[in-house]
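Work through the exercises below with the sequence and the structure at hand. Try each task before reading its solution.

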Amino acid sequence: SVASGFAGSPRGPGPIDIGGAMDSDVTAERLLVQTILDACINETLAAAEAAWLSERAEDDAIRRTLAGIAEDESEHAALGWRTVRWLLDEHPELSGLAQETFAAAFSSLPSEAGLSGEDAWMMAHGCMPDASRVALSRDVWGQVIAPCAQALVGAAAA
């Protein structure tokens, strides 16, 4: 609806090529790492970002869309955290791999070095300014991801 509003005519999604999506062997290790990265971390950050933007966008349609995305991403993140809990219950020997995955992800969080702040105007249009993304990512990591990771694997996740 947002794209249609900007374009002045109906727009919608196109086909998604899923060829090769299931070509690799799924192992408990791969499932654990990918779930931590994609769901526990990225979905948690995406939910926070969409919620943050939904409070700052100027267009009602964009605000509503972002609020819906925040809710969806929160549900995806919650499923990811439950999946990791189940995997670690089933495979407690993977706890060290989980700790390593969280630690590596934390060390790759973006930094504020070199950010100009010249993109702050974007938030009014539902796009995350770089400096705000960095600050929010670090805040969400400290308040949500690290404590949840700590509860799951029993070691500091940064």
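**Exercise 1. Confidence**

Among the elements of the chain, which has the lowest mean pLDDT and which the highest?

Solution. Start from the fact that this is a predicted model. The chain as a whole averages a pLDDT of 87, and 92% of the residues score at least 70. Next, go through the elements. Helix α1, residues 2-7, has the lowest mean pLDDT, at 74. Helix α2 has the highest, at 95.

**Exercise 2. The chain as a whole**

Describe the secondary structure of the chain and the box that its C-alpha atoms fill.

Solution. First, list the elements: there are five helices and zero strands. Read along the sequence, they give the pattern α-α-α-α-α. Second, take the box along the principal axes: the C-alpha atoms fill roughly 55 × 40 × 25 Å. Third, look at burial: of the 158 residues in the chain, 33% are buried. Last, consider the contacts between residues at least 6 apart in sequence: 73% of them join residues at least 24 apart.

**Exercise 3. Buried or partly exposed**

Classify Ala28, Thr35, Ala78 and Leu109 by relative accessibility.

Solution. The cut-offs come first: buried means under 20% relative accessible area, exposed means over 50%, and partly exposed lies in between.

- Ala28 is in helix α2. Its relative accessible area is 18%, so Ala28 is buried.
- Thr35 also belongs to helix α2, which spans residues 28-54. Thr35 counts as buried because its relative accessibility is 10%.
- Ala78 lies in helix α3. Its relative accessibility is 31%, so Ala78 counts as partly exposed.
- Leu109 is placed in the loop between α4 and α5. Leu109 counts as buried because its relative accessibility is 11%.

**Exercise 4. Contacts of single residues**

Which residues do Ala28, Thr35 and Leu109 touch, leaving aside neighbours up to four places away in sequence?

Solution. Take the residues in order of number, with those neighbours left out throughout.

- Ala28 is in contact with Leu87, His91 and Leu94.
- Thr35 touches Cys40, Gly80, Thr83 and Val84.
- Leu109 touches Ser137, Arg138 and Trp141.

Now set sequence separation beside separation in space, from C-alpha to C-alpha. Ala28 and Trp86 are 58 residues apart along the chain and separated by 11 Å. For Ala78 and Val144, the values are 66 residues and 12 Å. For Leu109 and Glu49, they are 60 residues and 15 Å.

**Exercise 5. A pair of helices**

Describe how α2 and α4 pack.

Solution. Two packed helices are described by the angle between their axes and the distance between the axes. For α2 and α4, the angle is about 40°, and the axes are 10 Å apart. The crossing of α2 past α4 is right-handed. Then name the residues that meet. On the α2 side they are Glu29, Leu32, Val33, Ile36, Leu37, Cys40 and Ile41. On the α4 side they are Leu97, Ala98, Thr101, Phe102 and Ala105.

**Exercise 6. The nonpolar core**

How many residues has the largest nonpolar core, and which helix gives the most to it?

Solution. The largest nonpolar core has 33 residues. Inside this core, the residues with the most contacts are Leu32, Ile41, Leu88, Phe102, Trp141 and Ile145. Helices α2, α3, α4 and α5 each supply at least two residues of the core. Helix α2 gives the most, with ten residues. To finish, follow Ile41: apart from neighbours within four places in sequence, Ile41 is in contact with Ile36, Phe102, Ala105, Trp141 and Ile145.

**Exercise 7. Helix α5**

Where does helix α5 bend, and against which helices do its buried residues pack?

Solution. Helix α5 covers residues 130-153 and bends by about 45° at Trp141. Trp141 is one of the buried residues of α5, which also include Val134, Leu136, Val140 and Ile145. The buried residues of α5 pack against α2, α3 (residues 60-90) and α4 (residues 95-107). After the helix comes Gly154, whose phi is positive, near 70°.

Technical notes: Residues are numbered from 1 along each chain as its sequence is written. This is a predicted model: local features need pLDDT of at least 70, side-chain atom pairs count only at pLDDT 80 or more; totals for chains, interfaces and linings use all residues. Side-chain values use heavy atoms; hydrogens and water are left out. Helices (H or I, at least four residues) and strands (E, at least two) are DSSP runs, numbered from the N terminus. Buried means under 20% relative accessible area, exposed over 50%, partly exposed in between (1.4 Å probe, protein chains only). Contact means heavy atoms within 4.5 Å. The bend at a residue is the angle between axes fitted to the seven residues ending there and the seven starting there. A nonpolar core is a set of buried Ala, Val, Leu, Ile, Met, Phe, Trp, Tyr and Cys residues joined through side-chain atoms within 4.5 Å. pLDDT is the predictor's confidence in each residue, from 0 to 100. Axes are lines fitted to C-alpha atoms, for helices over the stretch in contact, and angles run from 0 to 180 degrees between N-to-C directions. A crossing is left-handed if the near helix is turned anticlockwise from the far one by less than a right angle, and right-handed if clockwise.
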